[in-house]
Amino acid sequence: MARRAVIVGTGQTKYATKRFDKSAPDLIYEATSRALDDAELKVKDIDAVVFGMAPESLDGINSMDKWCADAAGAWNKPFMRVNTGGATGGSTALAAAYHVTSGLFNVVLAVAMERVGETPDAQRVLNRIYDPILASDFALNIIAAIAMETSRNMEIYGFTEQHMAMISVKNHLNALNNPYAHLQMKITIEDVLKSPIVCWPLKLFDCCPRSDGACAVIFASEDRAGKMVPIPAWVNGMAAVTDITVPGETGGAGWQAARAVWKAYKMAGIDKPRQQIQVVEAYSPFSSMEMVLYENLGFCKPKEVAKLAESGFGEMGGEVPFTPSGGVMCSNPIGATALVRVAEAAIQVMGKGDKRQVPNVKTALATGAGGSPGPGSGSFNTAMILGREPS
Amino acid sequence: MANKVAIIGVAQSKYVENSGDALVDIIFEASAKALEDAQLKINDIESVTLAAHDMVDGRAITSMLTAPPAGAYLKDEIRVAEDGAFAAALGCLRILSGDFSTSLVVSWSKCSECANDTLHKVANLTYDPFFYRPFALNDVTSCAIQAQRYMSKYNISEVQAAQVVVKNRISGVKNELAHLRSKVTLDEVMKSNPVSFPLKALDLPPWSDGACALVLTSEDFAQKLKKPCAWITGFGWVNDTYYSGDKDLAELESLSLAVNQAYKMAGISNPSKDIDVAEIHDITSFHELMEYEALGFCPKGMGGKYLDSGATAIGGDLPVNPSGGCLSSNPYTAVGLIRLAEAALQVMGRAGDHQVPGVRTALAHGISGLCAQSNCVFILSK
Amino acid sequence: MSNKVELLSVPGEWSLPYSYSAGETVSKFLVEIRDNARIIATKCPQCNRVLMPPRSYCERCFVSIKDNWVELPPKGTLEAFTLVTNKFEGLPDPPYVICYIKLEGADTTIPHFLTGVDLSDPEKARQKIKVGMPIRLVFKDKKEREGRMTDFRVEPA
């Protein structure tokens with residue numbers, strides 16, 4: 001990496017099913033103001049803004065970014081909006097980082113949001129992401145698509161619905177420590193297994209909620225970093241890979257996190273992720289996906305994932321905590337979600353995690369995933385590695 | 001600008017009203033042609049930057065289906081939901097970061113797939129549901145209000161705006177890729193169907209199908225390749241306030257701020273003298289006049305008179321839109337990228353029958369958002 | 001005294017008509033289904049993958065493949081499935097099964113509904129559906145075929 005970007009502040013709104021109390025620009029204003037406060041900056045210090053938002057049909061306003069740009073401090077500033085489906089927040093972070101590493105901007109705000117609560121049924125909208133001629137007749141939606149992947153993954157990786165329930169319980173427990181989390185409830189394995197089946201094998205508590213909310217992350221150039229905050233989070237590795245996913249071809253994992261993540265590892269000088277990474281804010285909206293990530297991210301072999309889940313590998317206090325924030329399973333404002341992963345990873349590195357802080361974090365990984373398995377369709381994968389020091 | 005970015009490959013579709021081809025095929029064709037033009041293979045492309053809108057493509061996450069034909073397989077790809085010029089801007093940033101030597105930039109629209117008024121509906125849906133949407137504001141009606149304000153503030157006439165249409169449509173005849181390739185007379189424009197005062201049917205662009213793709217590279221890469229290219233020597237983009245009621249609609253302030261960024265980087269101090277040709281985003285005939293002023297080609301309020309002087313016609317001091325502009329070809333989202341492509345062709349001497357002689361420096365401009373909310377400008381040189 | 005403001009919501013509904021062009025390649029595929037009840041796929045001469053659904057270019061090799069057709073038999077395997085028990089707005093009433101099938105000779109899969117399985121007891125039903133199980137295609141009568149993916153159904157073989 002020729003130049004480096006650092007994260008100097010983050011801000012989030014409380015995530016909820018529907019934020020009746022705030023208009024879309026209000027949510028952006030809240031996240032942006034919180035990030036500015038966190039970084040001890042003013043709006044005039046922001047040189048450019050990158051805005052992330054996923055399918056407009058979820059929010060009911062086309063190009064809602066244009067409406068919200070003012071609330072992100074983007075009046076009379078360079079502004080662009082990114083959309084890569086579920087990976088949007090990750091691509092937003094990458095685009096903002098490139099603004100800085102290009103050498104043309106010193107302080108860039110990445111802000112992302114979604115108002116999934118504006119539509120009564122998100123999956124009805126997500127049915128329209130598939131090929132309109134070849135796939136539209138088959139009632140596909142994200143939950144159905146991931147359910148199909150899961151049916152294969154259970155064969156390939158050897159995990160069961162019981163293991164999936166363990167992951168769900170862990171995440172819901174973690175969310176209790178996160179003041180921003182949408183779902184804050186303690187559940188048991190039995191609760192998960194008894195919850196209504198949505199698309200077998202996914203049950204209600206194996207799935208993420210639909211959330212409204214916004215998140216902001218401020219990137220700065222490395223020479224500014226030292227003057228701004230005592231402990232910034234250094235962007236040591238970043239990458240994105242667009243794949244063409246076809247279930248049955250890719251060995252089951254629809255979202256191929258591995259390629260993007262290993263590119264980022266290489267940039268950051270990581271070759272033993274299990275030893276070198278202390279926390280992972282993984283993009284994992286469904287319980288079954290986290291275990292696939294244990295292997296995808298290089299922490300173990302495929303047939304070992306179930307054992308790792310059983311041993312509490314990803315729990316707080318486990319070997320490598322996954323989603324101390326409660327993760328996507330507890331808050332999913334779709335376009336923002338992957339940026340929330342970056343924000344939470346930065347919070348861990350900067351030591352601002354409070355009740356959800358993992359001890360001694362030197363390096364954190366944030367992943368993002370978007371798109372969906374389908375005929376000839378792309379899936380988007382992002383990865384960002386943050387460190388307490390430049391690598 | 002410390003390091004320059006090179007445009008080494010350019011490709012465009014033949015723009016038409018209704019292509020009949022699948023959207024993915026139109027995109028593939030333009031992308032593959034751009035690679036061919038750059039004399040590169042897909043493996044030489046290190047990043048892909050796209051511009052597309054879900055609602056315009058009628059696909060809830062369009063890039064799921066449209067990134068693959070745009071060369072994105074296993075590439076570092078980002079899609080912006082902006083006009084194509086903004087994808088080129090992000091592509092430049094990625095190259096300037098040093099992480100990528102090459103970027104394939106692609107944008108498209110297939111307006112024929114949008115039934116009847118779908119795109120006007122989509123524009124209306126861009127407005128906030130509380131204050132603007134209930135009042136029949138869409139792309140046309142909001143531009144009309146802007147045009148009316150401009151007319152009344154600076155005493156611009158409908159005839160002056162109509163002359164923009166005449167000028168651009170004559171230019172379209174010379175561009176073998178243009179959608180509309182027939183002249184129109186002043187009379188025909190003035191008598192065309194009133195749509196939303198002061199905009200008449202011919203003051204507005206057609207709806208077109210088509211895609212445009214560019215290959216951008218770092219300075220090092222281009223110099224090793226030793227291929228003729230167009231150099232990006234300056235660029236800038238700025239976003240204005242969303243609520244058109246907050247600003248003076250007659251002034252395209254964000255365009256002035258954007259172009260000043262670009263001029264500064266490129267070392268341009270006297271635009272009307274330093275720029276040899278400009279490809280700008282004529283979303284309506286009136287907007288082209290407003291853009292002359294915001295770009296500093298002429299003083300404020302003098303856009304109409306500047307056009308009357310003949311300066312922006314073929315053969316004039318500063319020909320504007322020799323390609324025929326958006327008024328001749330309008331694959332909506334891609335228009336700004338097409339302006340950049342055409343400007344690059346001018347600089348490289350490859351604009352065929354619509355080549356302006358002796359071009360050393362060109363300007364390209366694209367608009368994103370309604371009422372010209374966000375503007376992006378590039379300066380290119382030989 | 002309460003400072004609470006009454007929070008309002010404003011309704012909206014989108015109805016946006018579109019008409020999607022299948023283009024040459026996909027049209028040829030759909031016409032073949034409609035007129036001859038045959039499945040044809042495109043093959044990439046560089047990577048040799050047989051692609052379903054057919055497309056005019058191979059996105060991996062990034063070459064045009066639109067004239068390279070191969071016929072596939074109306075049978076294959078089920079590669080992934082889900083049994084949907086939740087009613088989603090605008091989508092069919094449950095229960096139903098969506099699956100990805102790989103036709104014999106193809107390297108990629110396509111989505112479809114799985115029919116011919118008794119779904120009255122969903123728990124029992126899904127135990128009968130296995131990843132890898134053989135399936136076959138059953139075409140509608142010619143006069144009912146429209147040139148759509150729904151011109152045939154998929155059932156266990």
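In which strand of chain C is the place of C:His112? Select C:His112 to begin, and the place of the residue is found in strand β8 of chain C. The model on the screen is a predicted one, and the predictor gives the complex an ipTM of 0.94 together with a pTM of 0.92. For chain C the average pLDDT is 88, and 98% of the residues score at least 70.

**First stop: C:His112**

With C:His112 still selected, show its surroundings: the residue counts as buried, at a relative accessibility of 3%. Its side chain reaches the backbone oxygen of C:Met149 at 3.0 Å, and C:Met149 is also listed among the contacts of C:His112 once neighbours within four places in sequence are left aside. Those contacts include C:Val97, C:Ile98 and C:Cys99, as well as C:Phe152, C:Arg153 and C:Val154. One of the contacts, A:Phe138, belongs to chain A, and this residue leads to the next stop.

**Second stop: where chain C meets chain A**

Colour chains C and A separately and select the residues in contact between them, which are 44 from chain C and 44 from chain A. The area buried between these two chains is about 3,700 Å², and carbon and sulfur atoms give 66% of that area. On the side of chain C, select C:Trp14, C:Glu89 and C:Tyr100, the residues that lose the most area to chain A and that together make up 17% of what that side buries.

Now display the polar groups across this interface, where seven residue pairs are in polar contact, both residues of each pair being at pLDDT 80 or more. How many salt bridges does the rule find across the interface of chain C and chain A? The rule finds one, and selecting C:Glu79 and A:Arg152 brings up a salt bridge whose closest N and O atoms are 2.9 Å apart. Turning to the elements that build the side of chain C touching chain A, show α1 (23–36), β6 (75–84), β7 (96–103) and β8 (110–113), each of which supplies at least two residues. The largest share of that side, six residues, comes from β6(C).

**Third stop: where chain A meets chain B**

Move to the contact between chains A and B, which takes 59 residues from chain A and 55 residues from chain B. Here the buried area is about 4,500 Å², of which 60% is given by carbon and sulfur atoms. Within chain A, select A:Lys66, A:Trp67 and A:Tyr98, which lose the most area to chain B and together account for 15% of what that side buries.

A:Lys66 deserves a second selection, this time along with B:Glu82, as the two form a salt bridge with closest N and O atoms 2.8 Å apart. The count of salt bridges between chain A and chain B is one, while the count of residue pairs in polar contact, both at pLDDT 80 or more, is 19. Several elements of chain A each supply at least two residues of the side that touches chain B, among them α3 (64–68), α4 (88–101), β8 (233–245) and α10 (257–268). For the largest share of that side, select β8(A), from which seven residues come.

**Fourth stop: B:Ser323**

Staying with chain B, select B:Ser323, which lies in the loop between α13 (303–308) and α14 (335–347). Is B:Ser323 buried or exposed? With a relative accessible area of 3%, B:Ser323 is buried. A polar contact of 2.9 Å joins its side chain to that of B:Arg339, and a polar atom of the B:Ser323 side chain also lies 3.1 Å from the backbone nitrogen of B:Gly325. Apart from residues up to four places away in sequence, B:Ser323 touches residues including B:Ser171, B:Gly172, B:Glu279, B:Glu342 and B:His354. To see how the fold brings distant parts of the sequence together, add B:Val173, which is 150 residues from B:Ser323 in sequence and 8.8 Å away in space, C-alpha to C-alpha.

**Last stop: the cysteines**

Why do C:Cys58 and C:Cys44 not count as a disulfide? The sulfur of C:Cys58 has its closest cysteine sulfur in C:Cys44, and because the two are 3.8 Å apart they are too far for a bond, the cut-off being 2.5 Å. C:Cys58 counts as buried, at 0% relative accessibility. Select A:Cys330 next, whose sulfur is 10 Å from the closest cysteine sulfur, in A:Cys208, and therefore too far for a bond; A:Cys330 is also buried, with a relative accessible area of 0%. Over all chains, the count comes to zero disulfides.

Technical notes: Residues are numbered from 1 along each chain as its sequence is written. Chains are lettered from A and ligands numbered from 1 in the order in which they are written. Side-chain values use heavy atoms; hydrogens and water are left out. Buried means under 20% relative accessible area, exposed over 50%, partly exposed in between (1.4 Å probe, protein chains only). pLDDT is the predictor's confidence in each residue, from 0 to 100. Contact means heavy atoms within 4.5 Å. Buried area is the accessible area (1.4 Å probe) that two parts lose on being put together, summed over both. A salt bridge is a side-chain nitrogen of Lys or Arg within 4 Å of a carboxyl oxygen of Asp or Glu. A polar contact is a pair of N or O atoms within 3.5 Å; within protein, one must be able to donate a hydrogen and the other to accept it, and residues adjacent in sequence count only if both atoms are side-chain atoms. Helices (H or I, at least four residues) and strands (E, at least two) are DSSP runs, numbered from the N terminus.
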